[in-house]
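Student: I should like a close look at one part of this structure, taken residue by residue. Please begin with a single residue and its contacts, and then work outwards from there.

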Amino acid sequence: MYAIIASGGKQEKVAPGQQVRVELLDGDEGSDVSLRPVMIVDGDTILSTPDELSKASVTGKIVGRTKGPKINGFTYKNSTTYRRRYGHRQKYHMVEITSISPS
């Protein structure tokens with residue numbers, strides 16, 4: 001059994017027991033979160049319509065925080081001495097999927 005969840009504008013394929021990196025969520029480390037399923041597959045049964053998914057749920061537990069790769073940027077303006085370097089590192093939550101319930 002696996003599910004496709006939507007979190008932070010992205011979709012991710014998850015299975016029970018799997019750890020997945022998602023955008024920052026409301027909650028502290030160790031708290032339970034509910035993720036919105038887009039599709040649930042259980043053998044030959046596929047749930048994908050909004051009516052079927054209204055009863056379905058995917059729950060997980062926040063394991064910790066992590067950071068993405070460093071992104072370095074550089075901008076400048078021609079014919080002047082304006083130059084600027086910047087960096088960014090996105091923060092994520094690590095979530096362990098505890099259960100996928102189709103009903």
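Tutor: Neighbours within four places in sequence aside, Ala56 is in contact with Pro37, Ile40, Ser101, Pro102 and Ser103, where contact means heavy atoms within 4.5 Å. The model is predicted, so local features need pLDDT of at least 70 and side-chain atom pairs count only at pLDDT 80 or more, whereas totals for chains, interfaces and linings use all residues. Residues are numbered from 1 along each chain as its sequence is written, and side-chain values use heavy atoms, with hydrogens and water left out.

Ala56 lies in the loop between α1 (50–53) and β6; helices (H or I, at least four residues) and strands (E, at least two) are DSSP runs numbered from the N terminus. With a relative accessible area of 10%, Ala56 is buried. Here buried means under 20% relative accessible area, exposed means over 50%, and partly exposed lies in between, with a 1.4 Å probe and protein chains only. Ala56 and one of its contacts, Ser101, are 45 residues apart in sequence, yet their C-alpha atoms are 5.6 Å apart in space.

Another contact of Ala56 leads into a strand. Ile40 is found in strand β4 (residues 32–42) and counts as buried at 1% relative accessibility. Not counting residues up to four places away in sequence, Ile40 touches Tyr2, Ala3, Thr45, Ile46, Leu47, Leu53, Ala56, Ile100, Ser101 and Pro102. Ser101 and Pro102 thus appear in the contact list of Ile40 as well as in that of Ala56. The C-alpha atoms of Ile40 and Val14 are separated by 9.7 Å, with their positions 26 residues apart along the chain.

The strand that follows the loop of Ala56 holds Gly64, which is found in β6. Gly64 is buried, its relative accessible area being 13%. Beyond its neighbours within four places in sequence, Gly64 is in contact with Glu29, Tyr92, His93 and Met94. Its C-alpha atom is 7.4 Å from that of Val95, 31 residues away along the chain.

Ser7 belongs to strand β1 (residues 2–7) and is buried at 12% relative accessible area. Its contacts, leaving aside neighbours within four places, are Val22, Glu23 and Leu25. Glu23 in turn forms a salt bridge with Lys10, the closest N and O atoms being 3.0 Å apart. This linkage joins distant parts of the chain, for Glu23 is in strand β3 (residues 19–23) and Lys10 in strand β2 (residues 10–14), 13 residues apart. A salt bridge is a side-chain nitrogen of Lys or Arg within 4 Å of a carboxyl oxygen of Asp or Glu; a search of the whole structure finds one. Its two partners are covered to unlike degrees: Glu23 counts as buried at 17% relative accessibility, whereas Lys10 is partly exposed at 49%.

Two loop residues turn the view to the exterior. Lys70 lies in the loop between β6 (57–67) and β7 (71–76) and is exposed, with a relative accessible area of 54%. Ser79 is found in the loop between β7 and β8 (83–88) and counts as exposed at 74% relative accessibility. Although Ser79 is not a glycine, it has a positive phi of about 65°. Most residues other than glycine have a negative phi.
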